[in-house]
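Work through the exercises below with the model open beside you. Try each task before reading its solution.

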Amino acid sequence: MSNDTLVAISPSRNKGIALVLTGAALWGVSGTAAQYLFQQQGFSPEWLTVVRLLLSGIILLGVAYKNERLKVFEIWKTKKEALHIILFAILGMLAVQYTYFAAIEHGNAATATVLQYLAPALITCYLAIRYKRFPSITVSVAVIIAILGTFLLVTGGSIRTLSISGWAVFWGVTSAFALAFYTLQPYKLLSRWGAMIVVGWGMLIGGICFSIIHPPWAFEGNWTLPSFSAVLFIIIFGTIIAFYFYLESTKFISAAEVSLFASVEPLSATLISVFWLNVTFGFAEWLGTLCIISTITILSIVKNK
């Protein structure tokens, strides 16, 4: 390959890396902003979940309609695809959003985000069982490292106590399972309709369904300029822009690289939680975080289907 070709490719690759790093970092920061709302401003994860889903869904579908027009509604023409989008909305989109916020409320954004990133290891185990093929030694080691990281993160290195509450562990691990379903279930929908339409409908339908349980007007908390700014940041930067940057990055770098660079999310959530909200992270917790991020890195590099 000539030097001229390298020069032509490099800016696009750098753009892709910058986009995915920025998107993932915004996701991490939004988790910390949610912790601030829950633990210092009295907001509930139920209200933030339903408002985030409804507003983000409307905005994403609005953008999709501008680009795709009536294709946005064609996804509802067949019963099979309509059922799949409803399942994705409830068991995927709604589940992953609420369990993540619940984990933050009962613990902190750092541990909630890191625990959620157990999803790649869960997906690996599921695919191994489904296709009756034992993972390679490298992948098996990655899963073991993830389990070790989880142990260190939730116990602080002591088998006698939990460093975070039992509910934080429950919701964090549940969030990982929800993220695994969210990742695997809509594969055919995404390949046919595109992420903007599928995710937009998933958010809107998930928000409508959750409104039955917790209507968006059932608000509790303190409206201040900082809390209002945090809500806006979560919806605009932590959802719309982060999602757009993540999708846009796939045009310039491979899916494996996107997954690899997206691992900055738990790291950014951890750093901001420690330095902004004074979350205590000891050596064991940092080591556990490193283990889980290492798992993401290994599974992203190993191109095993």
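Helices (H or I, at least four residues) and strands (E, at least two) are DSSP runs, numbered from the N terminus. This is a predicted model, in which local features need pLDDT of at least 70, side-chain atom pairs count only at pLDDT 80 or more, and totals for chains, interfaces and linings use all residues. Residues are numbered from 1 along each chain as its sequence is written, and side-chain values use heavy atoms, with hydrogens and water left out.

**Exercise 1. Summarise the fold of the protein chain.**

Step 1. Count the elements. The protein chain has 14 helices and 0 strands.

Step 2. Work out burial. Buried means under 20% relative accessible area, exposed over 50%, and partly exposed in between (1.4 Å probe, protein chains only). Of the 305 residues in the protein chain, 49% are buried.

Step 3. Check the contact range. Contact means heavy atoms within 4.5 Å. Take the contacts between residues at least 6 apart in sequence: 85% of them join residues at least 24 apart.

**Exercise 2. Place Q97 and list its contacts.**

Step 1. Locate the residue. Q97 sits in helix α4 (residues 79-106).

Step 2. Classify it. Q97 is buried because its relative accessibility is 11%.

Step 3. Find the partners. Set aside neighbours within four places in sequence; Q97 then touches T49, R52, L53 and M203.

**Exercise 3. Describe how α2 packs on α11.**

Step 1. Get the geometry. Axes are lines fitted to C-alpha atoms, for helices over the stretch in contact, and angles run from 0 to 180 degrees between N-to-C directions. The axes of α2 (residues 45-68) and α11 (residues 225-249) come within 10 Å, crossing at roughly 45°.

Step 2. Name the arrangement. Angles under 35 degrees count as roughly parallel, over 145 as roughly antiparallel, 65 to 115 as roughly perpendicular and the rest as oblique. So α2 is oblique to α11.

Step 3. Assign the hand. A crossing is left-handed if the near helix is turned anticlockwise from the far one by less than a right angle, and right-handed if clockwise. The crossing of α2 and α11 is right-handed.

Step 4. List the contact residues. From α2 come W47, L48, V51, R52, L55, S56, I59 and L60; from α11 come V231, I234, I235, G238, T239, I240 and F243.

Step 5. Sort them by class. Ala, Val, Leu, Ile, Met, Phe, Trp, Tyr, Cys and Pro count as nonpolar, Asp, Glu, Lys and Arg as charged, and the others, Gly among them, as polar. The contact of α2 with α11 has 11 nonpolar, 3 polar and 1 charged residues.

**Exercise 4. Repeat the analysis for α10 and α11.**

Step 1. Read the angle and distance. Helix α10 (residues 195-213) packs on α11 at about 150°, and their axes are 12 Å apart.

Step 2. Name the arrangement. That angle makes α10 roughly antiparallel to α11.

Step 3. Assign the hand. α10 and α11 cross in a right-handed sense.

Step 4. List the residues. A195, M196, V199 and M203 of α10 meet T239, F243 and L247 of α11.

Step 5. Sort them. The contact of α10 with α11 has 6 nonpolar, 1 polar and no charged residues.

**Exercise 5. Do the same for α6 and α8.**

Step 1. Take the geometry. Helix α6 (residues 119-130) and helix α8 (residues 166-184) pack at about 60°, with axes 8 Å apart. Their crossing is right-handed.

Step 2. List the residues. α6 supplies A119, L122, I123 and Y126, and α8 supplies A176, F177, L179, A180, T183 and L184.

Step 3. Sort them. The classes are 9 nonpolar, 1 polar and no charged.

**Exercise 6. Examine the backbone at R69.**

Step 1. Check phi. R69 is not a glycine, yet its phi is positive, about 60°.

Step 2. Locate it. R69 lies in the loop between α2 and α3 (71-74).

Step 3. Classify it. R69 is partly exposed because its relative accessible area is 48%.

**Exercise 7. Find two pairs that are far apart in sequence, and give their C-alpha separations.**

Step 1. Start in α4, where I86 lies. I86 and W201 are 115 residues apart in sequence and 8.6 Å apart, C-alpha to C-alpha. At 34% relative accessibility, I86 is partly exposed.

Step 2. Move to α7 (residues 137-155), which holds F151. F151 and A284 are 133 residues apart along the chain, with 9.3 Å between their C-alpha atoms. F151 is partly exposed, at 31% relative accessible area.

**Exercise 8. Search for disulfides and classify C209 and C291.**

Step 1. Apply the cut-off. A disulfide is a pair of cysteine sulfur atoms within 2.5 Å. The whole structure has 0 disulfides.

Step 2. Classify the cysteines. C209 is partly exposed at 27% relative accessibility, whereas C291 is buried at 11%.
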